[in-house]
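Hi everyone, thanks for making room for me today. I'd like to walk you through some charged side chains, and then one loop residue to finish. Let me put the model up.

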Amino acid sequence: MANVGQVLWAYRKYLMSVLFPILLLPLPLVVPGKEAKCGYTIILMALLWCTEALPLAVTAFLPLVLFPMMAIMDASEVCMEYLQDTSILFIGGLLVAIAVEKWNLHKRIALRVLLFIGVKPTYLILGFMLITAFLSMWISNTATTAMMVPIAHAVMEQLHKAPKQNDGEVGNVNISFELQEPNYPITEKEAPKLDEKDSSPVPPPVPVDLQKDKEQVKFSQGISLCICYASSIGGIATLTGTSPNLVLQGQVNSLFPENPKVVNFASWFGFAFPATFILLLLSWIWLQLLFLGFNFRKNFSCRGKAHEQEREAYQVIRNEHKKLGPMSFAEKAVSFLFVLLVVLWFTREPGFFHGWGNAAFPNDKGESMLSDGSVAFFIGILLFIIPSEFPGCTQQEGTQGKFKAPPALLNWNIVNKKMPWNIVFLLGGGFALAKGSETSGLSQWLGDKLTPLQSIPSPAIAFILCIIVAAFTECTSNVATTTLFLPILASMAQAICLNPLYVMLPCTVASSLAFMLPVATPPNAIVFSFGQLRVCDMLPNVEQHSI
């Protein structure tokens with residue numbers, strides 16, 4: 001029979017969903033003013049998001065109920081916050097990403113790059129990181145990781161296969177996995193007798209098998225980690241790459257409605273892409289040191305012939321690429337629309353020259369009336385119009401000679417299945433919280449309380465806040481983290497006469513850098529579920545991983 005503790009643990013989510021609102025009730029009842037009522041809503045949502053007592057998207061709808069009940073905002077005003085231009089940009093960008101996934105264009109790109117880079121361990125890690133980062137810039141981090149991990153494990157399986165041995169050979173070693181010579185003397189091990197009648201002494205072989213196995217496991221761990229690291233880092237580079245970037249754009253537009261749309265696709269790329277490049281480079285070097293050792297001459301040497309395992313691994317990649325066949329009309333059409341979307345995003349309103357949006361669709365101030373979301377939906381609608389086969393190449397169906405039109409590049413059933421609607425609602429809940437904080441006066445009150453921070457140097461403030469956000473996002477959804485922190489950071493920055501973007505930008509980037517726990521991000525969980533990794537492996541140190 002279950003004891004009380006087991007029952008409480010089993011019903012913990014039900015209990016938290018009921019107890020949190022009751023325990024926090026003294027705040028709005030005792031403290032007068034709309035600020036306390038808005039604070040009650042924010043604290044309650046923070047607790048529910050952190051504990052996941054309710055689904056994240058369900059918690060995001062609490063402002064729709066609580067703000068009108070507490071006379072903070074009208075219900076119609078709250079509803080308008082749930083589908084802003086940022087949410088439209090998110091949906092439109094995902095329409096193109098879903099089309100790329102549907103026609104396996106991302107897999108073709110990944111395999112083509114791997115064929116170009118090769119399978120030497122050092123460059124293989126770099127290749128997987130570059131491909132994963134590039135793909136996660138445009139499609140979801142989860143989908144990118146889910147596609148790359150099986151490819152990586154197939155390559156690893158071929159690289160780790162025992163080499164074919166000739167008669168009379170005691171064993172061979174794949175030199176590509178001789179990552180570094182051990183810094184301790186190798187002891188000899190007694191070899192098994194080949195023939196009981198043979199009394200001649202057998203020279204003891206060097207025990208390379210154990211060392212080789214350790215190196216192979218370490219290298220497989222490095223490949224797995226490089227994929228989830230690159231997936232999270234790559235999403236930082238573009239505005240639509242990961243949800244926290246869109247949360248920042250929405251919060252800036254909501255909190256500072258008079259701003260000249262300073263956060264758009266082009267401006268974000270100019271800020272984030274150099275940071276992404278630096279983070280990728282540092283991560284690659286870090287993984288090299290941890291999992292391939294310090295012998296740079298051996299790791300980066302291009303001399304020597306490819307070994308059998310390397311050739312077989314390369315053949316696996318080539319075979320997978322051949323299975324895709326030549327590019328179909330659908331793949332070419334999606335590729336063209338994808339490139340067109342990126343070009344239109346960059347040139348709409350770049351800021352440093354007159355974009356096509358300023359020239360063709362200006363408002364009274366000369367700003368583009370079209371947004372990045374409008375452009376994304378324009379391309380998304382085209383995906384539902386353009387057929388997946390070239391007109392005239394359809395086949396007959398049935399005995400009456402009727403022709404059947406090919407399906408479009410995208411259909412609603414696939415979109416409805418793959419679209420993360422929960423993130424759309426989560427974004428809307430964050431925008432509603434930000435608007436409620438501003439309307440209730442909570443932002444002003446909080447900013448006044450944070451004025452003593454003005455004595456601290458600005459770089460120190462930004463650094464401390466990034467550490468706090470990075471630690472918080474290890475245990476909480478990165479979207480929920482940015483949704484909770486960004487309005488507070490904006491109020492603090494205004495109170496100490498600091499540009500809000502000075503702290504909001506780095507903290508948004510920090511919220512995407514959750515590398516230490518399997519539950520921190522979906523890419524981490526996917527890599528962890530494939531095995532060969534423990535939690536302690538995701539908290540690496542040089543002493544643990546050095547050979």
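Before we go in, one term: by a salt bridge I mean a side-chain nitrogen of Lys or Arg within 4 Å of a carboxyl oxygen of Asp or Glu. Please also keep in mind that this is a predicted model. With that meaning, the structure holds 5 salt bridges.

Let's begin with a group of three. Lys-107, Glu-320 and Lys-323 are joined in a network of salt bridges. Within that network, look at Lys-107 and Glu-320, whose side chains meet at 3.6 Å, N to O. Which parts of the chain does this pair link? Distant ones: Lys-107 belongs to helix α9, residues 105-117, while Glu-320 belongs to helix α16, residues 308-324, and the two are 213 residues apart. Buried or exposed, you may ask, for Lys-107? Lys-107 is partly exposed, because its relative accessible area is 22% and buried would mean under 20%. Glu-320 is also partly exposed, with a value of 26%.

Now please turn to Arg-348, where the setting is a buried one. Arg-348 has a salt bridge with Asp-372, at 2.9 Å from N to O. This pair, too, links distant parts of the chain: Arg-348 is in helix α17, residues 329-348, and Asp-372 is in helix α19, residues 372-385, 24 residues apart. Both Arg-348 and Asp-372 are buried.

Arg-348 has another partner, Glu-349, and their side chains form a salt bridge at 3.4 Å, N to O. The side chains of Glu-349 and Arg-348 also count as making a polar contact, at 3.4 Å. Where does Glu-349 lie? Glu-349 sits in the loop between α17 and α18, the latter being residues 356-360. Even in a loop, Glu-349 counts as buried, because its relative accessible area is 13%, below the 20% cut-off. And which residues does Glu-349 touch, leaving aside those up to four places away in sequence? They are Asn-264, Asn-358, Glu-367 and Ser-368.

Last stop, and a change of scene: Met-516. You'll find Met-516 in the loop between α25 (500-511) and α26 (522-529). With 41% relative accessibility, Met-516 is partly exposed. How many residues separate Met-516 from Glu-474 in sequence? The answer is 42, yet in space their C-alpha atoms are 6.9 Å apart.

That's my tour, and I'm happy to take questions.

Definitions and conventions
Residues are numbered from 1 along each chain as its sequence is written. This is a predicted model: local features need pLDDT of at least 70, side-chain atom pairs count only at pLDDT 80 or more; totals for chains, interfaces and linings use all residues. Side-chain values use heavy atoms; hydrogens and water are left out. Helices (H or I, at least four residues) and strands (E, at least two) are DSSP runs, numbered from the N terminus. Buried means under 20% relative accessible area, exposed over 50%, partly exposed in between (1.4 Å probe, protein chains only). A polar contact is a pair of N or O atoms within 3.5 Å; within protein, one must be able to donate a hydrogen and the other to accept it, and residues adjacent in sequence count only if both atoms are side-chain atoms. Contact means heavy atoms within 4.5 Å.
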